[in-house]
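Got the viewer open and a selection box ready? Let's walk through this one stop by stop.

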Amino acid sequence: MPSHSSQARYHLPGLFEFYDLYKVFLSLWREKRDWFYPWCEIASIYGAPSDCLWGGGRTGSGDADAEMVLALLSEFGISGRLTFSNSLLKSEHLSDKKCNDLCRKFSRRGKARNGVIVHSDLLCDYIQKNYQDLYLVSSTTKVLTDFSDFEKELKRPEFDFVVPDFRLNKNLGRLAGLSWEQKDKVEFLCNECCDFSCKSRKKCYESVSLKNLGEEANHKCTSADAAGGYRFSRAMKNPAFIGLHDILECYLPMGFSNFKIEGRGLGSAVVLEFLLYYLTKNEHQLEVREAIYLDSMLDLF
């Protein structure tokens, strides 16, 4: 248990991609709350449907209906975040009908306020002007690896949350020196699998932005582990990995409470493993896994 009353607030992946998984899991979360850690909560679920011009970070693949997604979020009082972190947007892209329609729908007030994850300052200004009910999150796709740049981002009043590059996760000395207000805005990316020494992370994100704009992207990841794809076991060995012990013994006592779990595009079975590891008590993980696997409506593979 953490040494004080702070809650770990998780921000989960695949709002549109894993709708069916979350529909089952959230019912378990509500009905079997004693199966899950009492010191954590599900604060938001983030993502974007397929073919979103404003999309970034990962190429969206979800096809769940927005109204169904919003109804699920409202039922459980969870914030929904549109991942619109395209870094290469131009003014002519701001009129995109699909993305504007999604912003209008998510602007409706439910039990929890919804938000947008952004990279582009152009889009940030546009959403502030046209969709004032949506809060803004500064995307990790900005690759803020310099702590001074990260501090500047935290001081920007337009952002409710800022997700630094994962390589700042263990800069505990500088993190401890942040104000309480700044700590409330920090959202750590916990389970990144990318090579800690990667020099082309920004180019990788830009290639996704190009694809979402319908343009050709030629960037190829040069990491030695790229061919193997994402492995949670490998992410756990990453120098920046934030595990349960870190959250309980380090980050919560320091005053940090927001933790982002990546996983868009990885598949429901992998995301389930994140939900088991970060939210589910050890003695109940098998029961949760069985309940999910035996649900006839789900195809996890």
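The tour goes from the sheet to two helix pairs and ends at a loop. Keep in mind that this is a predicted model.

**Stop 1: the sheet.** Switch to cartoon and select the strands. You should find 8 of them in an open sheet, ordered β6-β5-β4-β3-β2-β1-β8-β7, with parallel pairing. As background, strands of a sheet pair through backbone hydrogen bonds, either parallel or antiparallel. Now pick out 161–162 and 187–189: these are the edge strands β6 and β7, and each has a pairing on one side only.

**Stop 2: inside the sheet.** Select residues 79–84 and 115–118, which are β3 and β4. The two strands run parallel, with 4 bridges joining them. Show leucine 82 as sticks, then look across to β4, where valine 116 stands opposite.

**Stop 3: a helix over the strands.** Add residues 121–130 to get α4, which lies across β3, β4 and β5 (135–138). Relative to β4, helix α4 runs at about 165 degrees.

**Stop 4: α1 and α2.** Select 19–31 for α1 and 66–76 for α2; the helices pack at about 10 degrees, with axes 11 Å apart. That angle is under the 35 degrees cut-off, so α1 is roughly parallel to α2. The crossing of these two is left-handed. For the contact, show Tyr19, Tyr22, Lys23, Leu26, Ser27 and Arg30 on α1, along with Met68, Val69, Leu72, Glu75 and Phe76 on α2. Color by residue type and the contact of α1 with α2 splits into 7 nonpolar, 1 polar and 3 charged residues.

**Stop 5: α11 and α12.** Next, select 268–279 (α11) and 285–293 (α12). How far apart are the axes of α11 and α12? They are 10 Å apart, and the packing angle is about 150 degrees. With angles over 145 degrees counted this way, α11 and α12 are therefore roughly antiparallel. Their crossing is right-handed. From α11, Leu272, Glu273, Leu276 and Tyr277 meet Gln285, Val288, Arg289, Ile292 and Tyr293 of α12. By type, the contact of α11 with α12 has 6 nonpolar, 1 polar and 2 charged residues.

**Stop 6: a glycine in a loop.** Finally, center on glycine 214, in the loop between α8 (201–212) and α9 (232–235). Is glycine 214 buried or exposed? Its relative accessible area is 69%, so glycine 214 is exposed. Before you close the viewer, draw a distance from its C-alpha to that of aspartate 51: the two are 163 residues apart along the chain, with the C-alpha atoms separated by 9.0 Å.

Notes: Residues are numbered from 1 along each chain as its sequence is written. This is a predicted model: local features need pLDDT of at least 70, side-chain atom pairs count only at pLDDT 80 or more; totals for chains, interfaces and linings use all residues. Side-chain values use heavy atoms; hydrogens and water are left out. Axes are lines fitted to C-alpha atoms, for helices over the stretch in contact, and angles run from 0 to 180 degrees between N-to-C directions. Angles under 35 degrees count as roughly parallel, over 145 as roughly antiparallel, 65 to 115 as roughly perpendicular and the rest as oblique. A crossing is left-handed if the near helix is turned anticlockwise from the far one by less than a right angle, and right-handed if clockwise. Contact means heavy atoms within 4.5 Å. Ala, Val, Leu, Ile, Met, Phe, Trp, Tyr, Cys and Pro count as nonpolar, Asp, Glu, Lys and Arg as charged, and the others, Gly among them, as polar. Two strands pair if DSSP finds at least two bridges between them. Buried means under 20% relative accessible area, exposed over 50%, partly exposed in between (1.4 Å probe, protein chains only).
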